[in-house]
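Grab your viewer and work through a few short exercises on backbone and burial. Try each task before you read its solution.

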Amino acid sequence: MSIKRFYKPVFLPIALMAAGLWLFFGSLLGQWAGVALIITGLYLAGRSLIPRIPPEVKDRLTPLVFPALLLGLMISAYHKLLMGRMPWIADHSVHQSKAWILWNKLLPNMHLTGWTHFAGPGGYPAETLYPPFADLYIVLVRALTFGLLSWEATYAVAFFAFLVFYVLTFYYVGNRMGGKVAGFVAGLFAMVDVGAFRQGGFIFTVRWGVWPLTLSVALTLLTLTFLNDYLKEKRSPKWAIIAGSISLLTHPMSLMLILPASFFMAWFYFAHGRKLGDLFWRSVLVFCGACALSAWWLIPFFHYGTEYSAHVSALSGTINNLASGLMDPAPWGSAWSWAAALGILGGVELWRRGSAFAMALIATSAFALLGSTTTFLAGLGLFDLMPMLRHVQFPRFLLFVKATAYLAGGYYVGQVLLKKVTTKNRPSRPWAVTMISLAILSALTLPLLHHLYEKKIKPLSDFPTRPPMRAGLQKIARILQKDAADKGGFFRVVLAGSFGEHRTTGFPLLVDRPFVKFTFVPSDTYKYRSKTAVSHIPNTEQEMKLMNVAYVVSVGPYSLKGITEIAREDGVYLYRFDKYTPRRVHCEGCKAQILSFEDREVSLTLSDLPPQGGWIRLPISPFPRWKAYNNGTPLPIHPYKPTSRITYMGVWAKNGSLTFRYEREWPDWTGDLITLFMLLLLIVPARYSSPALSRIGNRVHKRLSTLWDFVLRRSPHRTRWFTCTALIIGLFAGIFILFSIRSFSSPAQLSLSKAHVTVTSGGTSKACTWFYPQRFLCGEGISYVGLESRLVGGEVRTGIFLHPSRDRKYQLTWKGVLLKKGLTLFAAIDDAANTTRGLPLTITASFDGKPLGIITLRRRGEFRTALFPVTGKSRGTLTINFSSSAAGATNCLILPTAN
């Protein structure tokens, strides 16, 4: 066997790498040359050895290289999770405790959703008003590990598996879009994304613990990928339906992403020459199938959610913010400029190449960016058309925008690296170019890798897993158990501390005692349990007695009347409530014997009531599923508010038996039946499942196509009269739509488009320029007057937004205004304003030079509505002036309405 045969593939690369390693430990020039030799040796070894690998081995190993590399980086960053150490920070304890409640309180009774007295001032409908899949997923991990791991370790392993799934989803979708390199880069971008609050990434997912939303985005990407395969007839629709259903059960935001993305995908395939009808009904089949499979939760959620969910609103920025972000490039607040720039370039390239799937992602992301700006939300009047939109947290749509950008950026990098050089422009001596390229790479490779690891990967492991309060909670739990050993009757434990403290939510797992949280409650939207402001928290002795509170546990000292400190351990304090009462039935002048007080049924025996009956009240928060029966006769349940911060339920009953049952209603049974039907379609044997689903879609498509053809295409009654009539109707409809669009603006009668805006600065007044979209430009930056939506006192308000100050005074004028009864003026300072700058602000309204009234705003989040009457009907000029004696600009929102 000749030595020459091994010279190039083995000896030469080893010799080069050995020489390079020897040079590396020398001077700067030696290091430079050493790295160049090592890179050359690795390149020669790979080029020689890779072709020698058997094809079957290569086919098996090659697809695993990039996923294995991503997995290795994930293990390096999140190894603490694999050791069973969960993040003790923000929402993680809340997700853990909710999964614990599902495992210990609901599943033993064969329920996925239901009532529990375990949490809240009066219990809550668990897994009903908040997406349940994150809790089901943690419970699944608990079951797969046979309950052998602690709950902390169970959560840590589940969280790590989610992070790996999220990153590998980007690899899978990116690989489908542009190859393995594109998938690897997209996965790397997703992994090292630092992010910000409500913007995804490490900060939002790990530090804040809001990971179900991120999981939903990954599942949405998979849903659209499988839908794309179905539209191309490469895959059964069931995988898109299953992924879409799970994404809806993880977070309903995916509903507002899958629907438009499905439409765009069908439309872009139509642009490629496919039949729109077939594409449309295939998309409808998948979307409806996903909704049907998740109907068991989705229908009750939409039925009960509007009235019983505690909404926390959040708005995105203005169209100006978005435009400047695209120019920076920083289309989202904390954008990594490289990822954002490559994403924008990749998006342009994908759009130019015409991939229907990629174009659907880009179009959905673009409309999410545009449509969620306060400028468009206010200008289109969407909050008035759909009031539920006031409770949507629009910044969270950036998660999908970023996902599209990472996929597009990966695609762009893959195209640059893998694009072959044409022979026409190829140099005749490529080694000359290689030498310069190698010199540049040799100098930058190691520093770039070091920077990537130190600044992008290593910081990902920076999350607390063993804070002192963790040991303190365990010690306090043992003390509480010992102190409560002889305490009879039902009692709750208060979890207190700072308003943003959520780590104590893990305490009930240690003592198995019902609790009420005296701080903000994330991941739970039940309005009778959630506390969205400090003023909403009960804090009186009467309220503590009503909630059957016996102990208070807090991180740090807690000031509350009627409590006595028992112990303190590692910063965790335990207090006893001195006036605790186990009373759970409130009945004036009667006797009530409790027969049972279970989660889903409460049975009482009443006596000593007057013949006409009396009020019986329970410390249970009202919910429509609760039904009351007095001696077998149904009774209406009424809300009972013993204080402004507590709401319980009561009935007017007579002596005898009184039973409260938590019963399922028509939305629950309807959702169950729809899900069961869809499930039966999906679990039919594989050789029948696709035809079964396809037949449904084809039949619907056929019936509607027949109707369409009869009316417009092949109808035997189609005459010239029919055609002319249709054209006339279409012409009038078009004119009506155009005029409607032209006049569609603010709901106020005083449209901004009809105003004249003047700004006075430095003693000089100038008219502001009317500009798209619905704003007057009075300079650069925030020097504009336009229609916007802002948060005021936590509520979404829409109106004319401007930024007056001592040195910048505004005047808004409307001519020819008809005032019949007077002027209603709403004015506010939004929640994002500075606490002192530009305040107090004086707003003066006058009509034809005669004063109507004055509104003075003195603090952030304040709003006032005033009616300025006039005598007699009159038409004239309305003027509104803004002035402030304080330095700096403030954020003012006004909405004038002529009455």
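Below are three exercises, each with a worked solution.

A bit of housekeeping: residues are numbered from 1 along each chain as its sequence is written. This is a predicted model, where local features need pLDDT of at least 70, side-chain atom pairs count only at pLDDT 80 or more, and totals for chains, interfaces and linings use all residues.

**Exercise 1.** Work out whether Asp135 is buried or exposed, and find what Asp135 touches.

Solution. Start with the location: Asp135 sits in helix H5, residues 133-144 (helices are DSSP runs of H or I with at least four residues, strands are E runs of at least two, both numbered from the N terminus). Next, the relative accessible area is 1%, so Asp135 is buried (buried is under 20%, exposed over 50%, partly exposed in between, with a 1.4 Å probe and protein chains only). Finally, leaving out residues up to four places away in sequence, Asp135 touches His95, Lys98, Ala99, Leu102 and Glu127 (contact means heavy atoms within 4.5 Å).

**Exercise 2.** Say where Pro329 lies and describe the peptide bond leading into Pro329.

Solution. First, look in the loop between helix H14 (319-327) and helix H15 (337-353); that's where Pro329 is. Then check the bond from Asp328: omega is near -5°, and the bond is cis. For context, most peptide bonds are trans.

**Exercise 3.** Find the sign of phi at Asn631 and how accessible Asn631 is.

Solution. Phi is near 55°, positive in a residue other than glycine. Asn631 falls in the loop between strand E12 (626-630) and strand E13 (633-635). Its relative accessible area is 44%, so Asn631 counts as partly exposed.

How values were computed:
Side-chain values use heavy atoms; hydrogens and water are left out.
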